[in-house]
Amino acid sequence: MALPDVLLLGRTNVGKSSLFNRLTGGRFAIADAQPHTTRDLQRRAVHWNNSGFTLVDSGGFDIDSPDELHANVLRMVRRTLATAAAVVMVVEHPIGLRQEERRELTRLQAAGVPVIIAVNKLDAPDARGRSVSLSAYAHGTVPVIGVSAKNGGGTGDLLDAIARAVGTRSADRTTPRTLRVVLIGRTNVGKSALTNAMLHDDARVVSSQPHTTRDAAAFTCTYHGTKLTIVDTAGVRARGKTGSRVEALSLRHTRDALRDADIAVLVYSVPDGVGVVEKALAGDVVERGTGLLVVGNQWDRIPGKTPTSSIAAERELRRSLPFISWAPHIVTSATEGVHVHRILQTTIAIGEERIRTIPQETLDRVQRQALTLKPGEKLGPRSKHGGRKRVTSILTQTGTRPPSFTLRTDKREALPASYARVVEKALRTAVPFTGTPIRVSIQQPFAKSL
């Protein structure tokens, strides 16, 4: 059963994201003094005593700019308000309740939505304990709780109040594991638009303004019976091009999301091609052993397309990034919905490849192909009885996610470190392992040093 949503609502810079991070026990939302840092909704499950709920961080609702980006932020906040089981109105001490906050509180009460007022930035314990200091925030029968997102003071009382508002329900944490898919790429290549297209929903704020996405936000969906968690991340610029502290924090969140991913979807703009950013991101994916799908987006911007245009785009990709020849390539248009379903299909297929186990008879055949001994090399070092030992070699699978293999051989002649690539090539000839790196290690206990 899905957990109820509890929305953190408030004006800009009252500390909603800091409080969200404190209540969820992490650094999932970017907290910064710059106004309007939060644009997309952040969701994290919280389990407190016998209650469970999904805490939702939101952008400031006081944005009055006619800008399209700000309008999209407000629209997402309003849509979440319509389905929230409870609302935590975060206000800043010592400013008090402003007219817009009181108006919003009255509207929520009239709609029957449980509301809690969290007075943030009460960092001193005695300030949180004095009822007189909280009386300025009273609004009818709405409970008022003093908190400090900075040091965690009062957050236990706030969680108790939220639990009472949403009711007691089983805090079941044994939810089945889902396939975690993370979209990465440069700024303005359409990652958020692709996220919306895959979800069939306007879950992410989309704008032509660079670096619109700042937080890495996760959304869960089910496709043909498989549960996926789709994580949209902020765009990455070339090294040294990070323009602000917020962008630096966004980059850190992107790297954190990639660390926890099963599959990375590297999105690039087909008209712009791939460059140093894509090469660096692909290298990170390979190093982490994460699955990889490359998506060439903005296909609608290619003038005069022909049936061979997509072939030419893939050829250029392979030329630029030859070390990920095993990664599938799809051209899409998020705005027109072209081939978006293939992204979901392919990520599920890659997920299956990452947990594939290979029969030992297949591995024995691969081992014979990869490690061909020359005449005269079949006899190993002398045994203690004066005879000769036969050289033995065995290739075994030692893990999945990513598929990992170990070749152990008694050959006395040391194999070069690059020989692991020879074994990998032989493995991929037998089983393609489409979309996933594989790990190969060589063990030679009796080899002489090179």
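**View 1. An open sheet of six strands has mixed pairing in this predicted model.** The strand order is 2-3-1-4-5-6. Strands and helices are DSSP runs, numbered from the N terminus (E, at least two residues, for strands; H or I, at least four, for helices). Two strands pair if DSSP finds at least two bridges between them. Strand 2 (42–48) and strand 6 (144–146) stand at the edges. Each has a single partner strand, so one side of each lacks a neighbour in the sheet. Neighbouring strands are turned by 25° against each other on average, direction ignored. This is a predicted model: local features need pLDDT of at least 70, side-chain atom pairs count only at pLDDT 80 or more, and totals for chains, interfaces and linings use all residues. Residues are numbered from 1 along each chain as its sequence is written, and side-chain values use heavy atoms, with hydrogens and water left out.

**View 2. Strand 2 and strand 3 (residues 51–57) run antiparallel.** Seven bridges join them. His-47 stands opposite Gly-52 in strand 3.

**View 3. Helix 1 (residues 16–24) packs on the sheet.** Helix 1 touches strand 1 (5–9), strand 2, strand 3, strand 4 (86–92) and strand 5 (115–120). Contact means heavy atoms within 4.5 Å. The direction of helix 1 makes about 155° with that of strand 3. Angles run from 0 to 180 degrees between N-to-C directions; axes are lines fitted to C-alpha atoms, for helices over the stretch in contact. Helix 3 (residues 99–110) also packs on the sheet, touching strand 1, strand 4 and strand 5. Its direction makes about 165° with that of strand 4.

**View 4. Helix 12 (residues 360–370) meets helix 13 (residues 419–430).** Their axes come within 9 Å and cross at roughly 135°. Helix 12 is therefore oblique to helix 13 (not under 35 degrees, roughly parallel; not over 145, roughly antiparallel; not 65 to 115, roughly perpendicular). Helix 12 contributes Thr-362, Leu-363, Val-366 and Ala-370 to the contact. Helix 13 contributes Tyr-419, Val-422, Val-423, Ala-426, Leu-427 and Ala-430.

**View 5. A cis peptide bond joins Arg-401 to Pro-402.** Its omega is near 0°. Pro-402 is in the loop between strand 15 (393–399) and strand 16 (404–409). Arg-401 lies in the loop between strand 15 and strand 16. Phi of Arg-401 is near 50°, a positive value in a residue other than glycine. Most residues other than glycine have a negative phi, and most peptide bonds are trans. At 42% relative accessibility, Arg-401 counts as partly exposed (buried is under 20% relative accessible area, exposed over 50%, partly exposed in between; 1.4 Å probe, protein chains only).
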